[in-house]
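The questions below ask how certain labels are reached for this model. Each answer sets a value against a definition.

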Amino acid sequence: RDPQRRRPLLPTGAAAAARPAGVRAMCGYNYRRVPAVSLMAQLVAAGRIRNPSAGPGGAWVALESDGESFRDIYRVGLDGGPVVRLTESAHGNFEPAVSPDGRRIAFTSSRDGDAEIYVMNARGGRETRLTAFHRDDWSPVWSPRGDSIAFLSAREGRARVFLMRPDGTAQRRLLADRDALYRAFGPYRPG
């Protein structure tokens, strides 16, 4: 309960029952029946979940949370399955991006002193560093076919959009700045 408002932090009764089963499980409404999901309920209630990325078909989600560490990546089955911690690093793992085929997750980690892009198996393990520059690289996004990853980098001073293959090779600047991104992919919005 919220001591200030004297009401439950999570919906109960009819409001909770009206949600789809996967959402009820993810939010902890079924935590007595599915004990592994009670951690998820705690994370949701504390507002400590960021950057969810859905797997193919929406059966599971990769997300970042500071529930057990500074920031790590978790995999959550939306059918009431367990919450699985995929990374463990004292320096943080952020911004998971699930590949279109659901087999890999690209993410940002600051374990090597600055933010770099990594990729791992979608079930965890075998984390491979894709970028290695003395300035930050972040916000990985998979191409629709899964044959490249776009990301932001400060390697040229200000943030610019770069592109690479999923193995980290063929890194190149794609767009000169964020305004160029808007001009190329949507209505131009200066500033």
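## Labels and their grounds

Q: Which residue of β3 does E64 stand opposite?
A: E64 stands opposite I73 in β3. The model is predicted, so local features need pLDDT of at least 70 and side-chain atom pairs count only at pLDDT 80 or more, while totals for chains, interfaces and linings use all residues. Residues are numbered from 1 along each chain as its sequence is written, and side-chain values use heavy atoms, with hydrogens and water left out.

Q: What makes β2 and β3 a pair?
A: Two strands pair if DSSP finds at least two bridges between them. β2 and β3 have 6 bridges and run in the antiparallel sense, so the condition is met. A hairpin of 6 residues joins β2 to β3. The strand names come from DSSP: strands (E) are runs of at least two residues, numbered from the N terminus.

Q: How do you know that β3 and β4 pair?
A: There are 3 bridges between β3 and β4, in the antiparallel sense. R75 has V84 in β4 as its bridge partner. The hairpin of these two strands has 5 residues between them, and within this hairpin G80 takes a positive phi near 95 degrees.

Q: What is the order of the strands in the open sheet that holds β1 and β4?
A: The order is β1-β2-β3-β4, with antiparallel pairing. β1 (49-54) and β4 (83-85) are the edge strands, each pairing on one side only. On average, neighbouring strands of this sheet are turned by 25 degrees against each other, direction ignored; such angles are taken between lines fitted to C-alpha atoms and run from 0 to 180 degrees between N-to-C directions. β1 is joined to β2 (residues 60-65) by 4 bridges, and A54 stands opposite V61 in β2.

Q: Why is β3 called largely enclosed?
A: Buried means under 20% relative accessible area, exposed over 50%, and partly exposed in between (1.4 Å probe, protein chains only). In β3 (residues 72-77), 6 of the 6 residues are buried, so the strand is largely enclosed by the rest of the structure. D72, Y74 and V76 point one way and I73, R75 and G77 the other way, and all are buried. In a regular strand the side chains alternate between the two faces of the sheet.

Q: Why is S89 called buried?
A: S89 has a relative accessibility of 12%, so it counts as buried. This residue is found in the loop between β4 and β5 (93-98). S89 touches R71, D72 and R111, not counting residues up to four places away in sequence; contact means heavy atoms within 4.5 Å.

Q: Why is P56 called partly exposed?
A: The relative accessibility of P56 is 39%, so it counts as partly exposed. P56 lies in the loop between β1 and β2. Its C-alpha atom is separated by 6.6 Å from that of D101, 45 residues apart along the chain. Leaving out residues up to four places away in sequence, P56 touches V98, P100, D101 and G102.

Q: What makes β5 mostly covered?
A: Of the 6 residues of β5, 5 are buried. β5 pairs with β6 (residues 104-109) over 4 bridges in the antiparallel sense, and A97 has A106 in β6 as its bridge partner. G102, in the hairpin of β5 and β6, takes a positive phi near 75 degrees.

Q: What is noted about phi of R126?
A: Most residues other than glycine have a negative phi. Phi of R126 is near 45 degrees, a positive value in a residue other than glycine. R126 lies in the loop between β7 (116-121) and β8 (128-129), and at 75% relative accessibility R126 counts as exposed.

Q: Why are β9 and β12 said to stand at the edges?
A: The open sheet has the order β9-β10-β11-β12 with antiparallel pairing. β9 (137-142) and β12 (172-175) each have a single partner strand, so one side of each is left without a neighbour in the sheet. Neighbouring strands here are turned by 35 degrees against each other on average, direction ignored. Between β11 (residues 160-164) and β12 there are 3 bridges, and L163 stands opposite R172.
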